Amino acid sequence: MALDKAYFDAVHIDVVKKKYYNANKVNALLEDIRGQAEALEAENSTLKAQLGELIQRRDEIGDTLLTAQAAARDIIGKAKVQAGRILADAQRQREEILSGAADQQEYAVACVERAFDMLKRQQQENINALNGLWQEFLCGLGTESPAEAPEKQPGDEGKPRIGELETTVNNIAKELAEIMGAAE
């Protein structure tokens, strides 16, 4: 039985001759109270020891938590520094790539412009050559009538005829128009 209010309310000692208490009952009650007090004292000691262990564990957990928090802050700090370095390297590489791409683009544009200028020159030379042939041909038409046109001479095989000249001029004009159209 525990020493609580109900225990003490239940204590009832008979009074003998309305003056004295029964000594045996009082001694038994005191013996019971002493036994329960000793049990409470032992339980109290056990609880104090457990409390001490819990306080020690709490302190250890607190220390561990503080250490973990410090380690986490350290790791986060290092990660931020490393992320900054990685970001800076990536930015530098991006700029190098963009710079290289711009240089390559400028080189490609210069090559295309040179090729276009060369094609333009060649086409202009072809047009000038054809124009000269055309002018010769037209000058030759004005002096002769179709009936007076000379027959093909043995050296005329390499000279173009009117139809061939017209086709060649038309083809060159188309090519030049395509090139000029693509340049714009």
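Here is a quick tour of the protein, from its overall layout down to a few side chains.

What you're looking at is a predicted model. The protein has 184 residues, and buried ones make up 5% of them. Its secondary structure adds up to three helices and two strands. Helix α2, covering residues 23–143, is a good one to find early, since both the salt bridge between E31 and R34 and the one between R92 and D89 sit in it.

**Overall layout**

- Start at the N terminus and walk along the chain: the elements come in the order α-β-β-α-α.
- Strand β1 takes up residues 15–16, while helix α2 runs over residues 23–143.
- Look at contacts with a separation of 6 or more, and 67% of them turn out to join residues 24 or more positions apart.
- The protein's accessible surface is about 15400 Å², and carbon and sulfur atoms account for 58% of that.

**How far to trust the model**

- Mean pLDDT for the protein is 80, with 84% of the residues at 70 or more.
- Ranked by mean pLDDT, the elements have α2 at the top with 87 and strand β1 at the bottom with 72.
- Go carefully at residues 144–149, where pLDDT drops below 50. Leaving aside near neighbours in sequence, this stretch makes three contacts in the model.
- Where pLDDT is low, the predicted coordinates shouldn't be read in detail.

**Salt bridges**

- The model has five salt bridges in total, and a few of them are worth a visit here.
- One pairs E31 with R34, whose side chains come together at 2.9 Å from N to O. These two are three residues apart in helix α2, so about one helical turn separates them.
- Neither end of that pair is tucked fully away: E31 is partly exposed, with a relative accessible area of 45%, and R34 is partly exposed at 45% as well.
- Another salt bridge joins the side chains of D59 and R58, with 3.3 Å from N to O. Here D59 is partly exposed at 38% relative accessibility, whereas R58 reaches 55% and counts as exposed.
- R92 and D89 make a salt bridge too, and their closest N and O atoms are 4.0 Å apart. Because they sit three residues apart in helix α2, R92 and D89 are about one helical turn from each other.
- Both of these residues are partly exposed, R92 at 39% relative accessibility and D89 at 38%.
- That pair doesn't stand alone: D89, R92 and E96 are linked in a network of salt bridges.

**A buried residue: Q123**

- Is Q123 buried or exposed? Its relative accessibility is 7%, under the 20% cut-off, so Q123 counts as buried.
- Q123 belongs to helix α2, the element with the highest mean pLDDT.
- Which residues does Q123 touch, once those up to four places away in sequence are set aside? They are I172, E175, L176 and I179.

Technical notes:
Residues numbered from 1 in each chain as written. Heavy atoms only, no water. Helix = DSSP H or I, 4+ residues; strand = E, 2+ residues; numbered from the N terminus. Buried < 20%, exposed > 50% of the residue type's maximum accessible area, 1.4 Å probe, protein only. pLDDT = per-residue confidence, 0-100. Contact = heavy atoms within 4.5 Å. Areas by Shrake-Rupley, 256 points an atom, 1.4 Å probe, with all protein chains shown as cover.
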